[in-house]
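Welcome! Here is a friendly walk through a structure that may be new to you. Take a look at the model first, and then read on.

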Amino acid sequence: MHSAEGDSFSDDDLENFLENNVNRSVEQTVSRRSIPQQRDLFGKVLSNQKAFYEEVHTEVTYGPTHHQLDMDQVGTYIYPTNYEIREYQFEIVKRALFENLICAIPTGTGKTFIASAVMLNFYRWTKDAKIIFTAPTRPLVAQQIKACLGVTGIPHSDTAILLDKSRKNRVEIWASKRVFFTTPQVVENDLKRGVLNPKDIVCMVIDEAHRARGSYSYVEVTKFLDRFNTSYRLLALTATPAADLEGVQEVVHNLNISRIELRTEEDADVSRYMKKRDKEEIEVPLSAEIEDLIEQLGVAVTPVLKEAVELGLYDDCPPAQINAFVALQKSQKLVANPTIPEGVKWRNFFILQLLSHVGHMLKRLKIYGIHSFYKYFENKHKEFTTKYGMGKSTNKTAASFFYNPILKNVIRTCEKLLANPGFLGHRKLEYVQEELKRFVQECQPTSRVIVFTELRESALEIVKCIDMMQTNDLRPHIFIGQARGKEGFDDEEYTRKHKPKGRKKTDRLRRLEEEKEREEKKKQNKERDRLNRMSSRTGTSEEAQVTGMNQKQQKDVLQKFKDGIYNVLVCTSIGEEGLDIGEVDLIICYDSTGSPIKNIQRMGRTGRKRDGRITLLLSGSEPKKFAQAMDDYAELQRIVGRNSLEYRPSDRILPISVAPICEKKFICIGEEEDELNNMDDSDDVIKFATQAMTGKLNIKKNKSSRAKKKVEKTAKAFFMPDNVETGIVPASSMVNKFGSDINGNKIKLERPEPQVDLRYALLDDIALESPASSPIKPETEPSCRLEPFEMSSILARHRKATKNGDTSEAMGTVETGYTSVFSDQPVSDSKRTQSSTTPTNSLDEADLPSKRPRISGEAAPTTYAFKTENVGIPLTAKSQESSGPNGSQVYKNEFHKLDGLLSSQERQYFQDNYSALCRVCIEPVPNFRENVKTGHLPHSQKTGRLIEAFKNMTTNTKEIILAMSSYKAIAAQLENNARPLVEPKERFPPSIVVQDSDVRYITGSACKQMSPGSCDVRNRTNDADLSDFLDSDFSDL
Amino acid sequence: MEESDQEYRRKLVTQLKGKLWYCLEQQVKKELPESVNYSPKFINALVELCFTQLVDIGNDLEAFARHAGRETIGVEDLMLMLRKSHDLQELLRQKLEQDQPAARSAKR
């Protein structure tokens, strides 16, 4: 069976309110089936069981799109044949036109082409809707512009690129163009500023969609759009949707994806187009020196480690296996734990901190080599010894490590080794050299190599190492991000800063002078260093490593790399994603990351246009880490394939009746557009596109100068959902205004205008308050207004006057007399609350004096002429509201909220001044059992029987029902037989309590039907005879 | 013997309740306004109530009679019963006066 259909309730309540205004309609049908209940041996149903099985089926349908469709074009979709047709692209394009999907295919397999095809078709199908392409970084966007415009042939008079920071012409640009290339933050800001209308967008392409998690810009944009517009197509491009299932699910939810198209290099249809990729994992053993150093470090740290294990801070392991990350995690947890006493906490923290430092050292030793290790180690060592030496730190644990004699040995060894410039800090470097040698033999002028590593120092080391090979065929350069390098610990600085300073003026002057001198010296030193660096071949690299590379420098290096000035690029993680570095022939992964995404991104840099080779250098625990990461990823692929993800339905946008057929067409690109294809530099592309956008490109051709149009400042628009009432509306006017009729449409409830009845003189000012005020008046108001005594006296007078007030309708109870005052309908709403709250408030007080033994000083209100039976009246407004029907039916027909109840002020008063010992009960339903002594007495027989009878009635036992039916049957018989004798005899006047006529008439009827002898029942007192008579079932007739 | 007594009693009670049902239903039908319906359970409840009350009254009346040394219940017993409800007492007295002439005439 189906129960109610209505709007679905999604997680976000706000979405609920706005869903009504969006094109989507959600229908939820709940079907329930009752399932058999388990019973115990006595036939009683066991508790905690669900009585029904419920299935909720949600159907989402979209209304017709609001975009204007170009009906001639809608019949076909164009598939560009400028490039070779690949089946997977063809398939994906076909699907992407009708559903929001994630296109997760390996890097370099033509995602941009798919995006272009989709964008082209939406451009054709709609007359003036907007299409947006977004990518996380500006270089990426530039890349894509080139690709898209080069393929689709969309006139660049209609496209815009919004990468500049200036917002000057934004309004105009958004209004006039149709295709946009930008970063998501721009879209987000412009949507929120009101500059871009969300309803105009028909297609959004999202590049690197695996970033659509958390509150990244992509997510914000989609959320915003969803509020106003469902008619837009979303195409998400990425090589790797996420690392685990939750991640993928999150992306799917955030972007409203209906489908994932996943391909890997192993898939036949993709691998056909990929070049050969030779992957080699080389496990690099640790050199003897490194092993040595590890052991020595281990010795130094063993006492600390033992202590940590004993304290339960860290699990036991050989000192060489200390894991920095684990130690860090534990130390963070420790600090966050509030229950440990401070002294203990910090001691333990230092222990764990030291362990994490040592872990780092070991990691560097194992993976990156002695240079990296030594730099880190020396820094930490210097820092600590300085601080400790000056007395600034009292970390004994660290002291025991750093001052360990073995470390002296370590330092000595390292310095010796590093003094030799030809020393390779790690065996990996040897392998790098080998690989590169091999590469050199086979290389051509256009061959390129990329080496990936995580640490900047390691990158520099590699550059230097390559440089040492002294061959002109290998010209390395570093490629890192923009951040400045972290400055090492400068012990001189520190010492000087923390030295005790003199207080006297002369001291101060001297100090200032010294500082100035030092500044000068430092600057000179820096210059000198820089010049030194520059002079070496790897100068720029070194420079870069120290200062970071800004975007200009990055572009510079990339350009030179493409041109061949450098042919080996040593990058950190910045080089993994996105950048169009072009094709490389050899990739060396100097280390492995734990993230499969990063690994895959790295490896995707080759094998696109040419055969490629990938070498992974793994040492220490890296092989395991890498295998694990790849396994996780493979698992993920399987999971995605297995359909365990929850997708969302998409808006088809095109009406169902339209089914476009494919038209494979070669797109002819006008020569202007073709110019783009010939540009390589992304900056140039950007410049070109911007010019095109602002129309400056045509200046050469168009001799007439364009009049400078004064751009009107458009009013800031805040986008509202459809059908919204704007303006400020007081909340009170909205309360109880709307209900819904059977169709779920809003209907305005007409509030009956409360009549202002000015019968009660004293209440005039209250009555004359605005009738439009909320019917729910705050509780405290009434009691503040009037004195209870006054009120009650008024009402006592009025009660007599209005004794014939309306009686309430259905309740034919005897007590209507009492309640005539309260159930007066014509009283206005506001007055009603006044009149009924306060008097009953006083009524309560009237009752309570009788209960309160002690309070005699209180002026006993004797003006109360009426007694009421307050049994069961809830005594506080709140409880009355909740148990409305129970309370009200006893006495009144209509109750408005506060009638007869204590306001919270009054309640508080009683709670403060009286205790339970006074037998003052202010519970909504007085508990007579416990608070009253007589509650413990057993009932009288009669009441006992009554209680028994009614209890039985409510439990619906079989006997009761049988009994009831038998009575009913007898009655029915009587009725049938007695019908001819309807008219009672006139000689017996009707009585109130007992109708003689009835009794007589029963007995009379019995008389008639019985033998005439036993007519006079009234003389019978004999049980037996009576039973005889009664047992007769009138069948003697 | 006990058994049959019980049987009798039960049958008696059933029959009485049945007749009572009938009476009450007629009364209810008369008293209730047009729009209001009642359910059999309601009548059942009334029957139980009424029956219990009648039985109780009956016991009381018997007790009073016995106390007064009589064997049959009389009007005085009923009046004693109604000592707390003056109005009801008045009413019944009036009825009695009306009935008594009739009864007397019936006797004759």
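## Salt bridges across the structure

Over all chains, a search of the whole structure turns up 26 salt bridges. Please keep in mind as you read that this is a predicted model. A few of these contacts make good places to start.

One of them joins the side chains of A:R170 and A:D190, with 3.1 Å from N to O. This pair ties together distant parts of the chain, 20 residues apart: A:R170 sits in helix α5 (residues 170–176) of chain A, and A:D190 in helix α6 (residues 184–193) of chain A. Are these two partners buried or exposed? A:R170 counts as buried because its relative accessible area is 6%, under the 20% limit. A:D190 is buried too, because its relative accessibility is 0%.

## A linked network

Some salt bridges in chain A connect to one another. A:E91, A:R95, A:E99, A:R259, A:E261 and A:R263 are linked in a network of salt bridges.

Within this group, look for A:R263 and A:E261, which form a salt bridge with their closest N and O atoms 3.1 Å apart. A:R263 has a relative accessibility of 14%, so it counts as buried. A:E261 has a relative accessible area of 4%, so this residue is buried as well.

## A pair within one helix

Now turn to helix α21 (residues 551–563) of chain A, which holds both A:D556 and A:K560. The two residues are 4 apart, about one turn of the helix. They form a salt bridge, and their closest N and O atoms are 3.6 Å apart.

How accessible are these two partners? A:D556 is partly exposed, with a relative accessible area of 39%. A:K560 is partly exposed too, at 27%.

## A negative patch

On the surface, A:D244, A:E246, A:D631 and A:D632 form a negative patch. To find one of its members, follow helix α23 (residues 622–641) of chain A, where A:D632 lies.

Why can A:D632 belong to a surface patch? Its relative accessible area is 37%, so A:D632 is partly exposed and passes the requirement of over 30% for patch residues.

## A proline in a loop

Next, find the loop of chain A between β11 (277–283) and α10 (288–310), which contains A:P285. With a relative accessible area of 40%, A:P285 is partly exposed.

Which residue, 334 residues apart from A:P285 along the chain, has its C-alpha atom at a separation of 6.1 Å? The partner is A:S619.

## Chain B and its helices

Chain B has 4 helices and 0 strands. Reading from the N terminus, its elements run α-α-α-α. Of the 108 residues in chain B, buried residues make up 26%.

Helix α1 of chain B covers residues 2–31, which makes 30 residues. From its first C-alpha to its last, this helix reaches 42 Å, close to the 44 Å expected at 1.5 Å a residue. Which residues of α1(B) are buried? They are B:L12, B:Q15, B:K17, B:G18, B:K19, B:L20, B:W21, B:Y22, B:C23, B:L24, B:E25 and B:V28.

Conventions. Residues are numbered from 1 along each chain as its sequence is written. Chains are lettered from A and ligands numbered from 1 in the order in which they are written. This is a predicted model: local features need pLDDT of at least 70, side-chain atom pairs count only at pLDDT 80 or more; totals for chains, interfaces and linings use all residues. Side-chain values use heavy atoms; hydrogens and water are left out. Patches are made of residues with over 30% relative accessible area and no salt bridge: like charges are joined within 9 Å, nonpolar side chains (Val, Leu, Ile, Met, Phe, Trp, Tyr) within 5 Å. Accessible areas come from the Shrake-Rupley method with a 1.4 Å probe; for residues, only the protein chains shown count as cover. A salt bridge is a side-chain nitrogen of Lys or Arg within 4 Å of a carboxyl oxygen of Asp or Glu. Lys and Arg count as positive and Asp and Glu as negative; His and the chain ends are not counted. The place of a charge is taken as NZ of Lys, CZ of Arg, CG of Asp or CD of Glu. Buried means under 20% relative accessible area, exposed over 50%, partly exposed in between (1.4 Å probe, protein chains only). The expected span of a helix is 1.5 Å times one less than its number of residues.
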